[in-house]
Amino acid sequence: MASSQSSTETDWVSRFADDVIAESERRAPGKPVVVASGLSPSGPIHLGNLREVMTPHLVADEIRRRGYTVRHLISWDDYDRYRKVPNGVEGVDDSWQEHIGKPLTSVPAPAGSAYPNWAEHFKAAMVQALEELGVEYDPISQTEQYTAGTYREQVLHAMKHRADIDAVLDRYRTKKDGAAGGKKPQQQKKVDEAELEAAEGSGAADEDDGSSNTAGYFPYKPYCGNCEKDLTVVTSYDDDTTELNYTCSACGFAETVRLNEFNRGKLVWKVDWPMRWAYEGVIFEPSGVDHSSPGSSFVVGGQIVREVFDGVQPIGPMYAFVGISGMAKMSSSKGGVPTPADALKIMEAPLLRWLYARRKPNQSFKIAFDQEIQRLYDEWDSLVRKVADGTVLPADAAAYARAVGTAAGELPGTPRPLPYRTLASVADITAGAEDQTLRILSELDPSSPLTSLDEARPRLDRAENWITTQVPAESRTIVRDEPDKELLGSLDEQGRESLRLLLEGLDSHWSLDGLTTLVYGVPKVMEGLEPDAKPTPELKVAQRSFFALLYRLLVGRDTGPRLPTLLLAVGADRVRTLLGA
């Protein structure tokens with residue numbers, strides 16, 4: 001344990017691990033440490049939701065590395081009501097509106113799905129992504145828990161103490177004067193905005209706190225025995241017999257049931273969550289900023305778990321939202337929002353883990369699906385080099401270690417991790433032709449040539465996927481079929497001489513480093529400088545002009561992939577042809 005403590009001053013994961021271990025030993029000495037996440041498969045589970053899993057996963061993994069037994073519970077909130085039809089989901093149309101109000105496990109899966117219902121369809125992609133990310137967890141289906149009667153005693157207890165729950169909730173309910181709990185209207189506006197974000201983006205954050213009517217307040221919602229929807233109103237309840245009467249406002253159905261044997265319903269969210277904290281003995285569970293405002297489920301839950309269920313609220317850091325380069329804050333209801341599965345198609349699992357490990361939970365960050373992914377990979381490769389040569393800072397070293405492996409071992413990696421931007425450029429130019437790709441990659445470093453594309457995988461595959469799925473067609477690189485004779489014929493003596501110098505040096509510089517030296521060196525020689533001369537502002541202008549000329553002659557535009565990579569990809573013979581040799 002002492003060896004892991006050295007990084008606690010710089011590493012947020014270690015600090016939380018210290019706190020969680022201490023709290024677990026205080027509450028339940030000798031028992032497994034319990035951390036938890038909750039995911040609602042109400043639609044595509046996006047990269048913002050992944051923070052709900054990665055934050056406790058990283059803490060749990062650190063605790064495992066220290067030799068403790070840990071249970072990371074992932075509650076699939078698949079017994080939540082189907083709130084609305086998400087946009088942009090293939091195989092779904094307006095006819096799914098008729099299922100609003102049913103449990104997610106009772107809603108049909110999108111047309112063409114291999115899965116039996118809506119919840120299982122959207123769980124599947126996340127389950128696969130979590131496996132690839134190395135996340136070890138115990139799944140819990142809330143449909144199974146409720147319909148099996150697992151929480152029966154807790155449900156009966158909550159109904160018996162419904163007046164106490166109502167009193168807690170009443171401290172936060174909106175008053176007639178527009179303020180909640182005595183808050184000023186401006187403060188309440190911020191609360192409402194946070195609650196709105198919760199309802200929009202969180203699935204499980206359906207901030208329902210139960211229904212009050214002339215019969216009183218009830219923290220339990222039956223699903224209708226006729227239409228399966230939760231648009232029900234409890235009209236009476238008897239604590240002694242547990243006899244409950246309800247009517248359905250959707251279809252008019254009415255029913256009398258005994259709650260000590262009835263399993264087709266659930267506690268409302270603001271009661272359900274704290275009930276589970278107590279039932280499962282959760283020590284650590286983060287929540288999004290939408291849960292952490294006054295009156296929201298985490299804040300209210302802390303009082304309900306203590307006052308009603310005789311439990312303790314978990315250590316619960318707030319985590320900030322995750323964005324996408326060029327996109328607004330993610331909401332799975334808006335359609336087209338990238339999921340972990342989407343990210344893992346264009347980046348390796350260690351890189352995605354690193355994005356979540358290197359930022360404290362309360363720091364927001366963006367995940368790049370645009371050109372920024374190349375800079376991100378450059379930053380990652382730089383970190384790898386610093387780790388290798390021992391110059392890395394402690395916090396960066398900790399984030400790296402958490403990215404590349406878990407307590408169970410290292411994640412699969414790429415044997416020869418060539419620069420992502422190089423691989424992307426090659427994939428762009430070759431359009432996935434493997435023989436061409438291998439030829440180019442084998443020429444990058446003649447002293448240690450690549451002999452098989454498998455050495456560059458899976459990074460190569462991720463770069464190819466990025467080019468084909470994220471780069472617009474108009475931005476793709478198409479090498480000219482024939483020389484641009486008009487442009488070649490219009491060149492002055494200086495232009496022709498610069499091309500001659502380049503062509504003359506091709507054979508002796510035919511590697512990535514060599515061609516880099518050559519293309520930057522030609523303008524220097526043209527200015528009467530040595531090839532290794534330091535650049536001046538005037539020289540940089542000359543270089544940009546030379547590069548633009550090469551791009552126009554090779555690909556018909558002023559810009560393109562890095563020139564050394566482009567030259568290698570085009571091949572020496574074709575370069576000579578296009579440059580008028």
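Which residue just after H22 takes a positive phi? In this predicted model, the residue is Gly 571, with a phi of about 95°. The helix that precedes this glycine is a convenient place to start.

Helix H22 spans residues 563–570, and eight of its eight residues are buried, so the helix is largely enclosed by the rest of the structure. The buried residues run through Leu 563, Pro 564, Thr 565, Leu 566, Leu 567, Leu 568, Ala 569 and Val 570. They pack against a set of other helices: H15, H16 (434–442), H20 (512–526), H21 (537–555) and H23 (572–578). One of these partners, H15, covers residues 420–430 and contains Thr 422. Thr 422 counts as buried because its relative accessibility is 3%, where the cut-off for buried is under 20%. Leaving aside neighbours within four places in sequence, Thr 422 is in contact with Leu 444, Leu 512 and Thr 565. Thr 565 is itself one of the buried residues of H22.

The loop between H15 and H16 holds Ala 431. Ala 431 has a positive phi of about 55° although it is not a glycine. Most residues other than glycine have a negative phi, and most peptide bonds are trans. At 63% relative accessibility, Ala 431 counts as exposed. Further along, a cis peptide bond joins Arg 457 and Pro 458, with omega about 10°. Pro 458 sits in the loop between H16 and helix H17 (459–470).

Another enclosed element is strand S1, residues 33–39. Six of its seven residues are buried, so S1 is largely enclosed by the rest of the structure. S1 pairs with S2 in the parallel sense over seven bridges. Within this pairing, Gly 38 stands opposite Ser 75 in S2. Between the two strands the chain passes through H3, and the resulting β-α-β crossover is right-handed.

H3 also takes part in the packing of helix H14 (residues 394–404). The buried residues of H14 are Ala 398, Ala 399, Tyr 400, Arg 402, Ala 403 and Val 404. Besides H3, they pack against helix H2 (12–27), helix H12 (349–357), H13, strand S15 (405–406) and strand S16 (409–410). Arg 402 is also part of a network of salt bridges that links Asp 11, Asp 18, Glu 62, Arg 66 and Arg 402.

Charged pairs are the next topic. Side chains of opposite charge can pair when their charged atoms come close. The structure holds 39 salt bridges. One of them joins Glu 136 and Arg 64, whose closest N and O atoms are 3.8 Å apart. This pair links distant parts of the chain: Glu 136 is in the loop between helix H4 (118–132) and strand S3 (138–141), Arg 64 is in H3 (residues 47–65), and the two are 72 residues apart. Glu 136 is partly exposed, with a relative accessible area of 44%, whereas Arg 64 counts as buried at 14% relative accessibility.

A salt bridge within one helix is formed by Glu 379 and Arg 375, with the closest N and O atoms 2.8 Å apart. Both residues lie in H13 (residues 372–389), four residues apart, about one turn of the helix. An α-helix has 3.6 residues a turn, so residues three or four places apart point the same way. Glu 379 counts as partly exposed at 30% relative accessibility, and Arg 375 is partly exposed at 37%.

Asp 230 and Arg 81 form a further salt bridge, their closest N and O atoms being 2.8 Å apart. Here the separation is 149 residues: Asp 230 is in the loop between strand S6 (220–222) and strand S7 (232–237), and Arg 81 is in the loop between strand S2 (70–76) and H4. Asp 230 counts as buried at 8% relative accessibility.

What happens to a charged residue that has no salt bridge? Lys 102, in the loop between S2 and H4, is buried and has none; the nearest side chain of opposite charge, Glu 228, is 4.6 Å away. A salt bridge needs the nitrogen and the carboxyl oxygen within 4 Å, so this pair does not count as one. The side chain of Lys 102 instead makes a polar contact of 2.9 Å with the side chain of His 99. Glu 228 lies in the loop between S6 and S7 and has a positive phi near 70° in a residue other than glycine.

Terms used
Residues are numbered from 1 along each chain as its sequence is written. This is a predicted model: local features need pLDDT of at least 70, side-chain atom pairs count only at pLDDT 80 or more; totals for chains, interfaces and linings use all residues. Side-chain values use heavy atoms; hydrogens and water are left out. Buried means under 20% relative accessible area, exposed over 50%, partly exposed in between (1.4 Å probe, protein chains only). Lys and Arg count as positive and Asp and Glu as negative; His and the chain ends are not counted. A polar contact is a pair of N or O atoms within 3.5 Å; within protein, one must be able to donate a hydrogen and the other to accept it, and residues adjacent in sequence count only if both atoms are side-chain atoms. Contact means heavy atoms within 4.5 Å. Two strands pair if DSSP finds at least two bridges between them. A crossover is right-handed if, with the strands pointing away from the viewer, the path from the first strand over the helix to the second runs clockwise.
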